[in-house]
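This report describes selected features of one protein model. Please look at the sequence and the coordinates before reading on.

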Amino acid sequence: MKIAWESTGKGSPLLLIQGLGYGRWGWDPIVPGLDDEHLVIAFDNRGIGESDKPEGPYTAAQMARDALQVLDEAEIDRAHVFGASLGGMIAQELAVIAPERVDKLVLGCTTPGGPEAVPMPEVTLALFAEAASLAPEVALRRFVENALGENPPAELVDELFALRVLNPPDQAGWQAQAAAGMGFQGVDDEITAPTLILSGTADNVVDYRNAELLAARIPGARVELFAGAGHLFFWEQPDACVRILNDFLA
């Protein structure tokens, strides 16, 4: 399996795992604030970007093994791990499949999975239902706006929209990744890594109340919330995100 990855910076290794439909470019706002203290490793999940796009559906556990492959190729024995959204599900699987490879764990805008998790907000379900009747670029802009918080700046919407247009996901790969997210029922074993859970209080994609549910399942985990931020809180409040990450990973 070809998994495209890159690294920058120096210091303690930090592996970044993106969510559905986003390649490694999705970390651009926070990498410059992290790579002074960390060797930051970002990659394209299977199904997107420059990585292979095998036939799906995928599972989060399968994608966690891809993350292990990246650590192996980078010759990293142990790393901090930050996963967002679907990447947070993958990171949970990684933490139980190979706990010896995970130092500290950060889970952003994600869910514990299973029937007890708070379901996807109605506004996003309605947008998925409506999208087929919209022009593609109109639907894409609506999804970008929906991933941000309260009253997102127009320039941020424009920037993300332009990046999404420049980096269109492979349709089959997107569906295969989506199956991994929809099929995630939580991890089978206890997560033992020190864990920080991050979420925006205006997340329209993964209800932020899942953060506390997730913390209740991980001994010693703590939650940090970004007031008014949406699903892409690390785009909306990058400086605060970097500060919290660097403090936790120190």
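The text below covers a pocket, a helix, the cysteines and three single residues.

**The largest pocket**

The model is predicted. Its largest pocket has a volume of about 1400 Å³. The lining of this pocket comprises 48 residues, and those nearest the pocket centre are Leu20, Met120, Phe128, Trp174 and Val205. Elements giving two or more residues to the lining are α3 (86–97), α4 (122–131), α5 (136–146), α6 (154–166) and α7 (171–182). With 7 residues, α5 gives the most. Sorted by class, the lining holds 32 nonpolar, 14 polar and 2 charged residues.

**Helix α4**

Which residues of α4 are buried? They are Thr124, Leu127 and Ala131. Seen down the axis of α4, these buried residues fall within an arc of 55 degrees, so they line one face of the helix. The spacing fits a general rule: an α-helix has 3.6 residues a turn, so residues three or four places apart point the same way. The buried residues of α4 pack against α5, the helix that gives the most residues to the pocket lining. On the face of α4 turned away from the buried side are the exposed residues Glu122 and Ala129.

**Cysteines**

How many disulfides does the model have? The count is 0. A disulfide requires two cysteine sulfur atoms within 2.5 Å. For Cys109 the closest cysteine sulfur is that of Cys241, at 9.4 Å, which is too far for a bond. Taken from the other side, the closest cysteine sulfur to Cys241 is in Cys109, again at 9.4 Å and too far for a bond. Cys109 is buried, with a relative accessible area of 2%. Cys241 is also buried, at 0% relative accessibility.

**Three single residues**

The table gives the accessibility of Ser85, Pro169 and Ser199.

| Residue | Relative accessible area | Class |
|---|---|---|
| Ser85 | 13% | buried |
| Pro169 | 28% | partly exposed |
| Ser199 | 3% | buried |

Ser85 sits in the loop between β4 (79–84) and α3. Not counting residues up to four places away in sequence, Ser85 touches Gly19, Gly108, Cys109, Thr110, Val206 and His231. One of these partners, Cys109, is itself buried.

Pro169 lies in the loop between α6 and α7, two helices that each give two or more residues to the lining of the largest pocket. Neighbours within four places in sequence left aside, Pro169 is in contact with Gly21, Ile48 and Trp174. Of these, Trp174 is among the residues nearest the centre of the largest pocket. Between the C-alpha atoms of Pro169 and Val242 the distance is 27 Å, and the two residues are 73 residues apart in sequence.

Ser199 belongs to strand β6 (residues 195–200). With neighbours up to four places away in sequence left aside, its contacts are Cys109, Tyr208, Ala211, Glu224, Leu225, Phe226 and Phe233. Cys109 is thus listed for Ser199 and also for Ser85. Ser199 and Gly181 are 18 residues apart along the chain, and their C-alpha atoms are separated by 17 Å.

Definitions and conventions. Residues are numbered from 1 along each chain as its sequence is written. This is a predicted model: local features need pLDDT of at least 70, side-chain atom pairs count only at pLDDT 80 or more; totals for chains, interfaces and linings use all residues. Side-chain values use heavy atoms; hydrogens and water are left out. On a 1 Å grid over the protein atoms alone, a cavity is a set of points where a 1.4 Å probe fits but cannot get out, and a pocket is an open set with protein on both sides within 12 Å along at least five of seven lines; lining residues have an atom within 4 Å of a point. Grid points are joined across faces, edges and corners, and a volume is the space filled by probe spheres set on the points. Helices (H or I, at least four residues) and strands (E, at least two) are DSSP runs, numbered from the N terminus. Ala, Val, Leu, Ile, Met, Phe, Trp, Tyr, Cys and Pro count as nonpolar, Asp, Glu, Lys and Arg as charged, and the others, Gly among them, as polar. Buried means under 20% relative accessible area, exposed over 50%, partly exposed in between (1.4 Å probe, protein chains only). The arc is that of the directions from the helix axis to the C-beta atoms. Contact means heavy atoms within 4.5 Å.
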